[in-house]
Amino acid sequence: MLVSMKKFLANEDGATAIEYGLIAALIGVAIIVAVTSAGTELSALFNRISGKLKTAGT
C-alpha cells in the first residue's frame with residue numbers, strides 16, 4: 001500500500017498535461033490578440049482608401 005501511494009505521488013503525467021494545456025491556451029490568446037490588432041489596422045486602412053477613392057471620384 002505504501003509503495004503504490006509513493007508511485008501515485010511521484011507520478012507527474014497529469015502535471016505535464018496541465019502545463020501543455022496552459023501553454024496552448026497562452027498561444028491561443030496571443031493569436032487572438034494579434035488577429036484582432038491586425039483586423040483593426042486593416043479596417044482603418046480600408047476606410048482611408050475608401051475615403052480617398054470617394055474624393056477622387058468627385
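**Group meeting talk: a chain in two helices**

Let's start at one residue: S37 sits in helix 2. Keep in mind that this is a predicted model. Is S37 buried, partly exposed or exposed? S37 is partly exposed, because its relative accessible area is 35%, and partly exposed covers the range between 20% and 50%.

Now take a distance from there. S37 and E12 are 25 residues apart in sequence. In space, their C-alpha atoms are 38 Å apart.

Next stop, E41. E41 is also found in helix 2. E41 has 54% relative accessibility, so E41 counts as exposed; the cut-off for that word is over 50%. How far is E41 from G57, C-alpha to C-alpha? The separation is 24 Å, for two residues that lie 16 apart along the chain.

On to I23. Helix 2 runs over residues 13-57, and I23 is in it. I23 counts as partly exposed because its relative accessibility is 47%. I23 also belongs to a nonpolar surface patch. Which residues make up the patch? They are Y20, I23, I27, I31 and V35. Together they give a patch of about 540 Å².

Now zoom out to the whole chain. Its secondary structure comes to two helices and zero strands. What box do the C-alpha atoms fill? Along the principal axes, the box is roughly 85 × 10 × 5 Å. The radius of gyration is 26 Å. For a compact globule of 58 residues, the value would be near 10 Å.

How much of the chain is buried? Of its 58 residues, 0% count as buried. A residue needs under 20% relative accessible area to earn that label. The accessible surface adds up to about 5,300 Å². Carbon and sulfur atoms hold 73% of that surface.

Last item, the charges. The chain has 5 positive and 4 negative charges. Take the mean position of each set. Those two mean positions lie 16 Å apart.

To recap: two helices, zero strands, and 0% of the residues counted as buried. Thanks for listening.

Notes
Residues numbered from 1 in each chain as written. Predicted model: local features only at pLDDT ≥ 70, side-chain atom pairs only at ≥ 80, totals over all residues. Heavy atoms only, no water. Patch = residues over 30% accessible without salt bridge, like charges linked within 9 Å, V, L, I, M, F, W, Y side chains within 5 Å. Areas by Shrake-Rupley, 256 points an atom, 1.4 Å probe, with all protein chains shown as cover. Salt bridge = Lys/Arg side-chain N within 4 Å of Asp/Glu carboxyl O. Helix = DSSP H or I, 4+ residues; strand = E, 2+ residues; numbered from the N terminus. Buried < 20%, exposed > 50% of the residue type's maximum accessible area, 1.4 Å probe, protein only. Rg over C-alpha atoms; globule rule 2.2 N^0.38 Å. Lys, Arg positive; Asp, Glu negative; His and termini not counted. Charge placed at Lys NZ, Arg CZ, Asp CG, Glu CD.
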